[in-house]
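Here's a quick briefing for anyone opening this model for the first time. Have a look at the structure below, then follow the notes topic by topic.

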Amino acid sequence: PIAGGGGDGGGLRSLLSDSVARRGLFICVTCHVCQQFSGINNVFNYSTIFLTSNGVDAATVVIISVLMNVGNVAITVVSVRLMDLSGRRSL
């Protein structure tokens with residue numbers, strides 16, 4: 001079942017028939033599509049290939065990749081903390 005709902009056991013039909021859940025689903029899907037079009041995934045997926053093909057030393061490439069991923073996790077933690085501090089609202 002959908003969290004917070006007293007629905008009929010869940011499922012796609014009940015999700016789409018609930019206007020509150022439908023709005024939240026729309027927001028999540030829209031954010032996901034925008035993220036895919038932003039190209040940030042390409043930076044993470046192809047950075048090692050790009051850097052290596054441009055003559056960057058393998059050890060440096062590893063350091064850059066690790067720092068990029070650590071930075072990504074750190075920003076995610078900060079974002080979650082800021083959302084919690086500002087107060088989460090139901091969609």
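Right after helix α3 comes G55, which takes a positive phi of about 85°. A similar note applies further along: G87, just after α4, has a positive phi of about 90°. Keep in mind that this is a predicted model, with a chain average pLDDT of 83.

**The overall layout**

- The chain has 4 helices and 0 strands, so its secondary structure reads α-α-α-α along the sequence.
- Of the 91 residues in the chain, 9% are buried.
- About 7300 Å² of the chain is exposed, and carbon and sulfur atoms supply 66% of that area.

**How confident the prediction is**

- A pLDDT of at least 70 is reached by 86% of the residues.
- Among the elements, α4 comes out with the highest mean pLDDT, at 91.
- At the other end is helix α1, covering residues 12-17, with the lowest mean pLDDT, at 84.

**Helix α3**

- This helix runs over residues 40-53, which makes 14 residues.
- From first C-alpha to last, α3 reaches 19 Å, close to the 20 Å expected at 1.5 Å a residue.
- Where does α3 bend? The spot is Y46, and the bend there is about 60°.
- S47 also belongs to helix α3.

**Helix α4**

- Helix α4 takes in residues 58-86, 29 residues in total.
- How far apart are the end C-alpha atoms of α4? They are 42 Å apart, and this agrees with expectation because 29 residues at 1.5 Å a residue should span 42 Å.
- Both S65 and N72 are part of this helix.

**Where α3 and α4 meet**

- Is S47 buried or exposed? S47 is buried, because its relative accessible area is 9%, and the cut-off for buried is under 20%.
- If you skip neighbours within four places in sequence, S47 is in contact with N42, S65 and M68.
- S65, over in α4, is buried too, with a relative accessible area of 14%.
- Leaving out neighbours within four places in sequence again, S65 touches S47 and T48.
- N72, another residue of α4, is partly exposed, at 36% relative accessibility.
- N72 and F44 sit 28 residues apart in sequence, and their C-alpha atoms are 9.7 Å apart in space.

**The cysteines**

- How many disulfides does the count give? It comes to 0.
- For C28, the closest cysteine sulfur is in C31, 6.7 Å away, so that pair is too far apart for a bond.
- For C31, the closest cysteine sulfur is in C34, and at 6.6 Å this one is also too far for a bond.
- Why do these distances rule out a disulfide? A disulfide needs the two sulfur atoms within 2.5 Å, and C28 has its closest cysteine sulfur at 6.7 Å.
- C28 itself is partly exposed, with a relative accessible area of 49%; residues count as exposed over 50%.

Methods: Residues numbered from 1 in each chain as written. Predicted model: local features only at pLDDT ≥ 70, side-chain atom pairs only at ≥ 80, totals over all residues. Heavy atoms only, no water. Helix = DSSP H or I, 4+ residues; strand = E, 2+ residues; numbered from the N terminus. Expected span 1.5 Å × (residues − 1). Buried < 20%, exposed > 50% of the residue type's maximum accessible area, 1.4 Å probe, protein only. Areas by Shrake-Rupley, 256 points an atom, 1.4 Å probe, with all protein chains shown as cover. pLDDT = per-residue confidence, 0-100. Contact = heavy atoms within 4.5 Å. Bend = angle between axes of the 7 residues up to and from the residue.
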